[in-house]
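Colleague: Please display the model, and let us then discuss how parts of it are arranged.

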Amino acid sequence: MEELLNHIQEVLGVPEFLINQCNFLPQFVKTSLITSINFIPWLYILYYGIELLERFFMKNIHLLVKLMKKLGPFFGVGISVIPECGYQVIAATYYSRRMITRGTLLAFFISCSDDALPLLFLDLSKAVVIIPIIVIKIIVGIIVAYAVDLLFAFNNRVTENVNAINTDLNEPACCHHRISTMENLPYWWMHPLTHTFNMFMFTFLSLLLIESAIIGFGGAENLASFLMIDSPISIIALAVFGLVPNCVTSIFIALLFVKGLISFPALLAGLVTTTGLGLSTLVKRQQKSSDNTLITVLLLISGILTGLFVYYNMQLVEVIKSFFN
């Protein structure tokens, strides 16, 4: 086993060796490229596993509908911790057809971190916050979900038209693939490969931008000070930024934290409001702008309050860490 691991390390070290020979590249470009490339094998394994899970639920769509209806927010927060925005797209589609409640939709949105969590492993000292992030987001998602369903009247019209849902899910989504496409066997490895490549490019370009900014400000500490890392204002700013409906949003937020440019409460606030393509799908599927606005506002308030609560109660994070240790 040890010999096998040594061979794997040698193979993974080839890109770093080749890139370091490119003397025409600035050091920060080399570092960003090496960091992004080294993460590719692990990302592919992760996304391949997620692909299998997604296809299981798409082939058993009645089971997915049943779990959403019977477990509601509990199923939403449980499945949405998986680093993939596909379930938020599905939840937004189901909500537009009134198959789930507003609270359940928010549970899906709040517990979603999109592609952020895997990137925290770029710095193992920062990866220890993954468990607190998941635990806090699950708790907040459940509380908000039931509070919203109690406070706001909702006519939960049951719809079981799976064919209509399949029509919705046949439109291009994340990585330009079709969520309901599962008969084409190459998709089993092609979509994870496409997703991995997109993550590589997003990570590389985001790292380039962040590293350039660090150099421009004369160091990470100066940039962190400029971004008001220790101020509640950064929490509000990250919560607003998290609403941007794009897969790059969560990646950029995670990398800001890995580089020490934002605090954990700000990271948490941004990841609470991050929904990947969930919000944009909701706006596309549902023409009721007032309801879309309400959901967005509730999501933003949840992100800000969660971030501020943790900001003033950081000992909570240590309690969660010690409990799982």
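Colleague: Which handedness does the crossing of H10 and H16 have?

Modeller: This is a predicted model, in which local features need pLDDT of at least 70, side-chain atom pairs count only at pLDDT 80 or more, and totals for chains, interfaces and linings use all residues. Residues are numbered from 1 along each chain as its sequence is written, and side-chain values use heavy atoms, without hydrogens and water. A crossing is left-handed if the near helix is turned anticlockwise from the far one by less than a right angle, and right-handed if clockwise. For H10 and H16 (helices being DSSP runs of H or I with at least four residues, numbered from the N terminus), the crossing is right-handed.

Colleague: At what angle do helix H10 and helix H16 pack?

Modeller: Axes are lines fitted to C-alpha atoms, for helices over the stretch in contact, and angles run from 0 to 180 degrees between N-to-C directions. The axes of H10 (residues 130-151) and H16 (residues 264-273) lie 11 Å apart, and the angle is about 50°.

Colleague: How many residues of helix H7 are buried?

Modeller: Buried means under 20% relative accessible area, exposed over 50%, and partly exposed in between (1.4 Å probe, protein chains only). Those buried in H7 include Arg102, Phe108 and Ser111. Helix H7 (residues 102-111) is largely enclosed by the rest of the structure, because the buried residues number ten of the ten.

Colleague: Is Met228 buried or partly exposed?

Modeller: Met228 is found in the loop between helix H13 (220-226) and helix H14 (232-241), and its phi is near 55°, a positive value in a residue other than glycine. With a relative accessibility of 37%, Met228 counts as partly exposed.

Note on methods:
Helices (H or I, at least four residues) and strands (E, at least two) are DSSP runs, numbered from the N terminus.
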